[in-house]
Amino acid sequence: FTPSPAVVPRQPRASTPTPFFLPPTPAAAPVFPAWVAEFSAPILSDLAARQPNFQDDFHDFSKGWFYFIPESPRGPYYAHIEDETLLLKLPAENEKRDYWVYNPRLLAKNFALRFEFRFLESQPEDTVRFQFDESSQRGAALDLSKSQTWTLRWGPYADWRSLEGAYAHFPPDPIEVLTIVKGLECAFYLNRTPLAYLPDCRAAPTLRSAPWALTFRILAEPGHTASAAIDELKFWDLSSNP
């Protein structure tokens with residue numbers, strides 16, 4: 001330890017009055033955006049008393065998860081279930097930059113979807129995407145990158161609009177994602193905290209008429225292994241909600 005070159009002389013000690021302790025100030029309640037109370041909170045309150053229409057913790061076997069290779073006449077293939085999770089993986093020798101899986105049971109015009117995921121062997125630029133297609137020409141997608149940035153894209157694929165920001169990530173804790181889509185509106189939560197809201201995320205309350213209308217994807221540049229694991233998935237069909 002090296003002492004400071006300039007030492008301030010000790011000052012005569014004055015008598016200290018008896019401290020007067022005030023009660024602690026109560027913590028301020030979090031202030032949420034207006035869309036939470038107006039759109040998502042009533043839906044979440046209703047879901048708290050409802051069983052999901054579909055759920056999967058990936059403990060036993062594949063409950064109908066698939067992937068296929070677009071240019072291959074074969075398939076679809078069963079998606080990889082590994083270590084009791086749904087595995088998304090791009091191997092280094094695979095030149096594809098977009099690997100995705102789907103489940104035909106996740107089909108509803110209005111829905112809520114909650115799941116957890118972890119980045120596994122990945123680089124900072126690698127991204128996990130949840131995408132729902134309104135048609136073959138338009139849809140919406142939430143991208144979460146390992147660099148702790150997020151991007152929300154929506155509209156026609158040829159001219160996607162976008163919104164972006166940053167999020168906190170504390171590995172090895174999983175990241176919980178909640179998506180609510182009803183009517184023309186969409187809301188997104190990350191780790192149970194409101195993330196973003198779109199009043200016009202789609203042109204009409206429709207869903208692409210294909211088994212892969214809702215997909216989970218991992219996107220990465222070729223040359224390295226990129227992987228992520230999905231778990232604790234719950235899906236509610238909101239079409240019959242009051």
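In the predicted model, Pro 172 is placed in the loop that runs between strand S11 (161–166) and strand S12 (175–182). The peptide bond joining Pro 171 and Pro 172 is cis, with an omega of about 5 degrees. This geometry is notable because most peptide bonds are trans.

Two further loops contain residues with backbone angles of interest. Gln 148, although not a glycine, has a positive phi of about 70 degrees. The residue lies in the loop between strand S9 (138–145) and strand S10 (149–156). Asn 191, likewise a residue other than glycine, has a positive phi, near 50 degrees, and is located in the loop between S13 and S14. Most residues other than glycine have a negative phi. With regard to solvent, Gln 148 is partly exposed, its relative accessible area being 31%. Asn 191 also counts as partly exposed, at 33% relative accessibility. Both values fall in the intermediate class because they lie between the 20% limit for buried residues and the 50% limit for exposed ones.

The loops described above belong to a protein chain with 16 strands and one helix. The chain comprises 242 residues, of which 40% count as buried. Its accessible surface amounts to about 14,000 Å², and carbon and sulfur atoms account for 55% of that area. When contacts between residues at least 6 apart in sequence are considered, 63% of them join residues at least 24 apart.

One disulfide is present in the structure. It is formed by Cys 186 and Cys 201, whose sulfur atoms are 1.7 Å apart; the pair qualifies because this separation is within the 2.5 Å cut-off. The link between Cys 186 and Cys 201 is right-handed, with 40 degrees about the S-S bond. Distant parts of the chain are connected in this way: Cys 186 belongs to strand S13 (residues 185–190), whereas Cys 201 is found in the loop between strand S14 (193–198) and strand S15 (214–219), 15 residues apart. Both cysteines are buried. Cys 186 has a relative accessibility of 0%, and Cys 201 has one of 1%; each is classed as buried because its value is under 20%.

Aromatic side chains were examined next. A search of the whole structure finds 23 aromatic pairs. In the pair of Phe 66 and Tyr 102, the ring centres are 6.0 Å apart and the planes meet at 35 degrees, so the arrangement is tilted. An angle of 35 degrees receives this label because stacked planes are under 30 degrees apart and edge-to-face planes over 60. This pair, too, links distant parts of the chain, with Phe 66 in strand S2 (residues 66–67) and Tyr 102 in strand S6 (residues 98–102), 36 residues apart. Phe 66 is buried at a relative accessible area of 18%, which is under the 20% limit. Tyr 102 also counts as buried, with a relative accessibility of 4%.

Aromatic residues are further grouped in one cluster formed by Phe 54, Phe 58, Trp 65, Phe 111, Phe 115, Phe 130, Phe 132, Phe 216 and Phe 235. Among its members, Trp 65 is a tryptophan, and Phe 54 is one of the phenylalanines.

Note on methods
Residues numbered from 1 in each chain as written. Predicted model: local features only at pLDDT ≥ 70, side-chain atom pairs only at ≥ 80, totals over all residues. Heavy atoms only, no water. Helix = DSSP H or I, 4+ residues; strand = E, 2+ residues; numbered from the N terminus. Buried < 20%, exposed > 50% of the residue type's maximum accessible area, 1.4 Å probe, protein only. Contact = heavy atoms within 4.5 Å. Areas by Shrake-Rupley, 256 points an atom, 1.4 Å probe, with all protein chains shown as cover. Phe/Tyr/Trp six-rings, centres within 6.5 Å; stacked < 30°, edge-to-face > 60°.
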